[in-house]
Amino acid sequence: MLVIGIAGGSGSGKTTVVKAIAESLKQKVVVIPQDCYYKDSSDLSDEEKRNHNFDHPDAIEWELLCHQLQELKKGHSVQQPIYSFISCSRSKTETTLVEPADVIIIEGILIFTCEELRRQLDLKIFVDADDDDRLMRVMARDISERGKDVSWVIERYSRTVKPMYLQFIEPSKRYADVIIPQGGHNKVAIDVILATIEKSLRDL
């Protein structure tokens, strides 16, 4: 089993890189999004939810994520939480069954900020991208997928996304084994990473 961590700022192209790796590998791949492990915020008022900082490491239940990854590495299946960004809540009745696989990809903006999680990763990849490009992708995603309006996205980006990127996410780049510049559009870098992964799998 090979465990790969893919980090980077919001809108950097992490999903594109994850998809390219998952589709190219012949082995069974399981993707574990950090976003599933946000702490439940359903008890907050609408105003509190609007001001909630989703880009701070404290927003994630790292203990559960690390425990479930350990279980997968032992060959056990886990019940992954289901989180909704629309309601800012974690489902109390439903989970997603995740089975062990040859390759496990942990994907999320903050995953390299957790030392315990970093220790469990065999390969750490940071997806880098221009700030303007990231903002455009964040706006498109939050409006189309999370039901937000333009003013909300811009306010959140200025208030939490950019400051937290500079405080936590960008500095975590130093833990990466590989940095992909130009986001998910860097085909050469992705091809090099795929070759590295395939070699690592052969050596297991």
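This is a selection-by-selection tour of a predicted model.

**Strand β1**

Start by selecting residues 2-7, which form strand β1. Six of the six residues are buried, so the strand is largely enclosed by the rest of the structure. In a regular strand the side chains alternate between the two faces of the sheet. Colour L2, I4 and I6 to see the residues that point one way from β1. V3, G5 and A7 point the other way, and both sets are buried.

Next, add residues 103-107, strand β5. β1 and β5 run parallel and are joined by five bridges. To find the register, select I4 and look across to I105 in β5, which stands opposite.

Now add strand β6, residues 123-127. This strand also runs parallel to β1, with four bridges between the two. Two pairs are useful for orientation here: A7 stands opposite F126, and G5 has K124 as its bridge partner.

**Strand β6 and its other neighbour**

Keep β6 selected. Is this strand buried or exposed? Five of its five residues are buried, so β6 is largely enclosed by the rest of the structure. L123, I125 and V127 lie on one side, with K124 and F126 on the other, and both faces are covered. K124 is thus among the buried residues of the strand.

Add residues 178-180 to bring in strand β7. β7 runs parallel to β6, and three bridges join them. Select I125 together with V178, its bridge partner in β7.

**A negative patch**

Move to the surface and select D43, D46, E47 and E48, which gather in a patch of negative charge. D43 sits in the loop between β2 (29-33) and α2. With a relative accessibility of 65%, D43 counts as exposed. E48 belongs to helix α2, residues 46-51, and counts as partly exposed at 43% relative accessibility.

While D43 is selected, pick C88 as well. The two residues are 45 residues apart along the chain, and their C-alpha atoms are separated by 9.2 Å.

**A nonpolar patch**

Select I143, V150 and I154 to show a nonpolar surface patch of about 220 Å². V150 is in helix α6, which covers residues 150-169. Its relative accessibility is 42%, so V150 counts as partly exposed.

**Salt bridges**

The structure holds 11 salt bridges. Three of the stops below are pairs within a helix.

- Select R119 and E115 in helix α4 (residues 115-119), where they lie four residues apart, about one turn of the helix. They form a salt bridge with the closest N and O atoms 3.4 Å apart. R119 is exposed, at 60% relative accessible area, while E115 is partly exposed, at 49%.
- Go to helix α7 (residues 187-203) and select K187 and D191, again four residues apart. The closest N and O atoms of this salt bridge are 2.9 Å apart. K187 counts as exposed at 57% relative accessibility, and D191 is partly exposed at 37%.
- Stay in α7 and select K199 and D203, which are four residues apart, about one turn of the helix. They form a salt bridge whose closest N and O atoms are 2.9 Å apart. K199 counts as partly exposed at 46% relative accessibility, and D203 is exposed at 55%.

Finish by selecting D128, E170 and K173, which are joined into one network by salt bridges that share partners.

Terms used: Residues numbered from 1 in each chain as written. Predicted model: local features only at pLDDT ≥ 70, side-chain atom pairs only at ≥ 80, totals over all residues. Heavy atoms only, no water. Buried < 20%, exposed > 50% of the residue type's maximum accessible area, 1.4 Å probe, protein only. Pairing = 2+ DSSP bridges. Patch = residues over 30% accessible without salt bridge, like charges linked within 9 Å, V, L, I, M, F, W, Y side chains within 5 Å. Areas by Shrake-Rupley, 256 points an atom, 1.4 Å probe, with all protein chains shown as cover. Salt bridge = Lys/Arg side-chain N within 4 Å of Asp/Glu carboxyl O. Lys, Arg positive; Asp, Glu negative; His and termini not counted. Charge placed at Lys NZ, Arg CZ, Asp CG, Glu CD.
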